[in-house]
Amino acid sequence: MTMAGRKSSTETAVRVRVRGVVQGVGFRPFVYRRALAHGLAGWVYNGEDGVEIHLEGPAAAIQTFLDDLEQNPPPAARITVVETEACPPEGLPRFVILESRKDDRPTVRISPDLPVCAACLYEMFDPADRRHSYPYINCTDCGPRYSIILGLPYDRPRTTMKGWPLCAECTREYDDPLDRRFHAQPVACPRCGPQYFLKVGDELRGTDQDAIAVAAKLLRDGRIVAVKGIGGYHLACDARNRAAVRALRERKFRKEKPFALMVKDLEIARQLVELREDAARLLTGSARPIVLAPTRVELDAVAPENSELGLMLPYAPLHYLLFAAGTPDVLVMTSANRSSEPIAYRDDEAAVRLAGIADAFLVGERPIARRVEDSVVRVGPWGPVIFRRSRSYAPGAVASLPADRPILAVGADLKNTVTLVVGGQAFVSPHIGDLEYFDAYQAFQETVRDLCELYEVAIEDVLVVHDAHPEYLSTKYAQELGAERLAVQHHRAHVASVLAELGAWDTRVVGVAFDGTGYGDDGAIWGGEIFAGSLAEGLQRVGHLRQAALPGGDAAARFPVQAAAGFLSQLDGLPDLTAPPFNFGGRYRLAVDLVRKGLRTFPTTSMGRLFDTVAALLGFTREITFEGQAAMWLEHLARQSPAVPPYPFPWSGGMLDFRPLLAEVIADRLHGRPAAQIARAFHTAVAWAVWETGMALREEYGANIVVLSGGVFQNALLLDELAALSTQDQGIQVRVNHEVPPNDGGISLGQAAIAALHQAQQASH
Ligand code: ZN
Ligand code: ZN
Ligand code: FE
């Protein structure tokens, strides 16, 4: 084609701006290759707000290019906006990649870690390939990002790969725009890159392929192996070997909390759980989270008294190599830590902390820059809901907020995350954990510093948002920062987290926040709260669970009978609950005593504690060993009953009255009604109560959207029952969290949203 020909009347030109996660993900080489394939001239570079492209050539070819871009973007990219604008052709001779502008904004820079891609897998299993069996194989379409970044801009010397200079062959790939590894920062090969090795105590038992083979054999033999992965260490063992799983529980001090599994492939997954198509897509998709799904088998040591299993597919090259080396096809793959502490990710720290737990260590040399845990997702009736947001999701932007000024929201103390708002984009940190644990609190501080550094925000400039709880460690931390502050009530933050996801600032909603614990406006322990309003006009508390007493305060969360003592104190004519069939023990009697004397007893409207009370009445009278256990036990029980009519749980005068409900639970229990039916009738009652409250309030407040958030809405049965109700009446629309968890992991986003609106309003006055 001659230059004259290029300027014919069919020639046109466009400028394209692509926003989202489009840098550091192979976007420019992708554009380059597609432009060559379509015979287009022009250029591409990383600009301030994303990738800027200039294309010229036949209009039809440009259109095909644009269709291609939208339909088959590079796997690692997350495109949010594509803007195109016609411009005059400049008669450019070819297509080129231009150097990045220096002032590119940090908001577009950080991609999450990605699972190994099909092309890399193919090479890894090809005996003729130079990366055959190499566990650090990667390319621009796959591999680590966030977990290896030491600083920005994202470039090899500022990653944990800086200690491994590229060999000639890797350099050639890295420099060739037509190569899949063009500017793939972690690129490496067995000749120049890091290796894996296997250690038992101080003894080296194998390197490279041998290390993996030995690890596979140890796992087959029922041993526990610490495996260094992408964002930290896992503890692995054969999930079908009950003795191995029990040993892991004992050594990890984790009595009953379910373990996550990694399974060899989708077929094995389908043997273990019921997988809807959307759940299967999630499992095999590029995020590779742990997917919760209804169990089809008994793996009682893995997930005792639970209706679900959490499983994931391999995502690191190493995982594929392990399964190929004959590792059992269902592995327990749990974060290497003691319960509730953050995942271990530094080699020295892991060696010490896991010494008494793991029989062997499969360790890779590439350092991990920051911990990233496996994310957890369930597909609910309204789509996927994330329960733990970390690998593949964090620190991506989850919402755009109307904020000019940077905001740092420090979240809640349980299941902590922090959110940084910069340039109007809300970035939610990976899951951090429970701040009462020293390691988690340290991780929390590190994460705040890290996020601020990555996004180039000075702490002095931010508006700091924290929970209204005066005793939260996160609150105290916020106070010490010395920046301007705003306190946000816990349950408003829950509701706001959904509104932030929706980008709904003015939409009036009924907000239902049901959870275990949160500090209320009146200092009481809230947790069964109904709000009306919008983010812009504020969320007004218009109702709540009828107030009960809680002996021992927040500590009562560990003992369902203690919560029961407080809730049942509101009823008349109680039977002797220390006698069969209830058999409440000494702790109940002590708690009753506290309530009677009004000692260490606090007012509460906690829905979580109502679930605990019912669980206690149906037989869960021991101490819980992990948060939410009694409610999970109750849900599991309820699933064993067919649908039954609900117990009465009336809404009137702004109050949900639990007394008639509990009275019937007690009466039914005394009459010998099966506990599963009672549990089911209770769940249905809660669903109806939510529904009827929404119906009652929709006229009054002009809101036909009901927003549900808070830890109680992790209950799949409750959501299923609500979904069934919502199909009967289209007058109310239900909205739930998707991008951040309904549990306290979503609080920081909600705090940020409320602060952003608060700011916007102050600015306009
Ligand atoms: Zn790849
Ligand atoms: Zn190399
Ligand atoms: Fe909460």
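What is the site of the iron ion (ligand 3) like, judging by the angles among its four donor atoms? I looked it up: the angles run from 89 to 168°, and the site is irregular. Four donors count as tetrahedral if all angles lie between 85 and 135 degrees, four as square planar and six as octahedral if opposite donors are over 155 degrees apart and all others between 65 and 115, and anything else is irregular.

Note to self: this is a predicted model, where local features need pLDDT of at least 70, side-chain atom pairs count only at pLDDT 80 or more, and totals for chains, interfaces and linings use all residues. Residues are numbered from 1 along each chain, chains are lettered from A and ligands numbered from 1 as written, and side-chain values use heavy atoms, without hydrogens and water.

Next I listed the iron donors: His490 (NE2), His494 (NE2), Asp515 (OD) and Asp744 (OD), 2.0 to 2.2 Å from the ion. Donors are N, O and S atoms within 2.8 Å of the metal (3.2 Å for Na, K and Ca), and water isn't among the atoms, so sites may look incomplete. I found both His490 and Asp515 buried (under 20% relative accessible area; exposed is over 50%, partly exposed in between; 1.4 Å probe, protein chains only).

Then I turned to zinc. Ligand 1 is held by Cys117, Cys120, Cys139 and Cys142 through SG, at 2.3 to 2.4 Å. Its donor angles are 103 to 117°, so I wrote down tetrahedral. Cys120 is buried at 0% relative accessible area, and Cys142 is buried at 0% too.

For ligand 2, I noted Cys167, Cys170, Cys189 and Cys192, again through SG, at 2.2 to 2.4 Å. Angles of 105 to 116° make this zinc site tetrahedral.
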